[in-house]
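Thanks for coming. I will go through two spots in one chain, and you can follow along on the screen.

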Amino acid sequence: MKLSTKIQEMNYSPIRKFNSYAAAASEQGKKIYKLNIGQPDIITPTVFFEAIRNFDEKVLEYGESIGNIELREGIVKYFKNVGVECTKDELIITNGGSEALLFIFLALLNEGDEALMAEPFYSNYHSLIKAAGGSIAPIPTIAEEGYAYASKEKLEAALTDKTKVMCVVNPSNPTGTLLTEEEVRTVIDFAIEHDLWLVVDEVYREFIYDGQEMSSFAHYPEIEDRLIVVDSISKRFASCGARIGYIMTKNEELHGNIMKLAQSKLCCPTLEQVGAAALYGLEANYFDETREEYKRRRDAICEELSKIEGAVFRKPGGAFYVMVKLPVDNAEDFLMFLLTEFDVDGETIMYAPASGFYQTEGCGINEVRLAYVLKEEDLRRAMQILKLGIEAYNKKKANK
Ligand SMILES: Cc1ncc(COP(=O)(O)O)c(C=O)c1O
């Protein structure tokens, strides 16, 4: 019996693949500061739970495949507040942004098609594009240039005759890079010139710092027929477990084709959509506090990282991740050491090794992604443990 080669060639998530070692360490009583996954510790707004508690239908029925109408109306209002005009019929509710991406790639790609994307990229893009029969054409970037990629030269160098889609995550997971308005314009002109679909993932839209302005791709009417926006409540409202995301496209033909996929899975969970609709009723200033909190955390983690000799990183402009090159030979090997052999007073840390965010062989070997999703004092402590861990690991290597 044989399995699908396409799926066999997929990788396990670099964010989750060390979980069993972490579980074993926890069982032995070690405390682990988990910076590997973008799971915020911010409290989910109570309106989410209240709306579900107040749900008083007698039968929990299937919902519409396009999604709950109150939720879609709430999203239309939210978009209006961020300067984006859309109607409830241009949306499709999905099981998280993850399913939105899967449906989009299934609807756009044929076997062998390529999606252009800055590397390092959020690793699930690799899996989901592969599942749809395509592959990523990576645009190489480097930490020293702040992972910048949106220049005509870089985009054209990565383009091939198989490129059909350009994917943008803005601000970026894993690098935290936020595009300038000029860079957004460059990507738009490039997509038009080469007749590409533009998949824009703005799930971290609210998390941008230092007074920077977010220029959404949905602000530009000249690309509305080629634009697909991916969004989610997971990070925006600290509601990762609700599994609610959505697609916004004004391209009716594409919308129709994605609806075929949405109908094949019937609908998203009814109760979570009721809760999500209540979240979209929150005042816009809800984000001010969380943005401030993440900014404090970003500043704290960067301050502590700058005390680690040999660590190379750039202060990120958005999202809640920082990519760092560590002074170790191999970030996966070092993580195994941290989880299985090392602790400081019973405590250790966990991160996502960055090689899984690259497709290019040999890249990201000594690089890691840290998610600053813990309280400031915990982040500071985690970075102190990291520093001591690097010293112990390198000492062990030197003695071999
Ligand atoms: C850039 C980006 N897009 C999409 C997702 C998917 O999020 P979810 O499926 O929880 O909505 C994530 C999750 O970390 C992400 O970082």
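**Thr163 and strand 13**

I start with a polar contact: the side chain of Thr163 reaches the backbone nitrogen of Thr160 at 2.9 Å. A polar contact here is a pair of N or O atoms within 3.5 Å; within protein, one must be able to donate a hydrogen and the other to accept it, and residues adjacent in sequence count only if both atoms are side-chain atoms.

Before going on, this is a predicted model, where local features need pLDDT of at least 70, side-chain atom pairs count only at pLDDT 80 or more, and totals for chains, interfaces and linings use all residues. Residues are numbered from 1 along each chain as its sequence is written, and side-chain values use heavy atoms, with hydrogens and water left out.

Thr163 belongs to strand 5, residues 163-169; strands are DSSP runs of E, at least two residues, numbered from the N terminus. Is Thr163 buried or exposed? Thr163 is buried, at 11% relative accessible area; buried means under 20%, exposed over 50%, partly exposed in between, with a 1.4 Å probe and protein chains only. Setting aside neighbours within four places in sequence, Thr163 is in contact (heavy atoms within 4.5 Å) with Glu114, Leu116 and Leu196.

Now strand 13, residues 367-371: five of the five residues are buried, so the strand is largely enclosed by the rest of the structure. In a regular strand the side chains alternate between the two faces of the sheet. Here Glu367, Arg369 and Ala371 lie on one side, Val368 and Leu370 on the other.

Strands pair if DSSP finds at least two bridges between them. Strand 10, residues 321-325, runs antiparallel to strand 13, with five bridges, and Lys325 stands opposite Glu367. Strand 12, residues 352-353, also pairs antiparallel with strand 13, over two bridges; Pro353 has Val368 as its bridge partner.

Methods: Helices (H or I, at least four residues) and strands (E, at least two) are DSSP runs, numbered from the N terminus.
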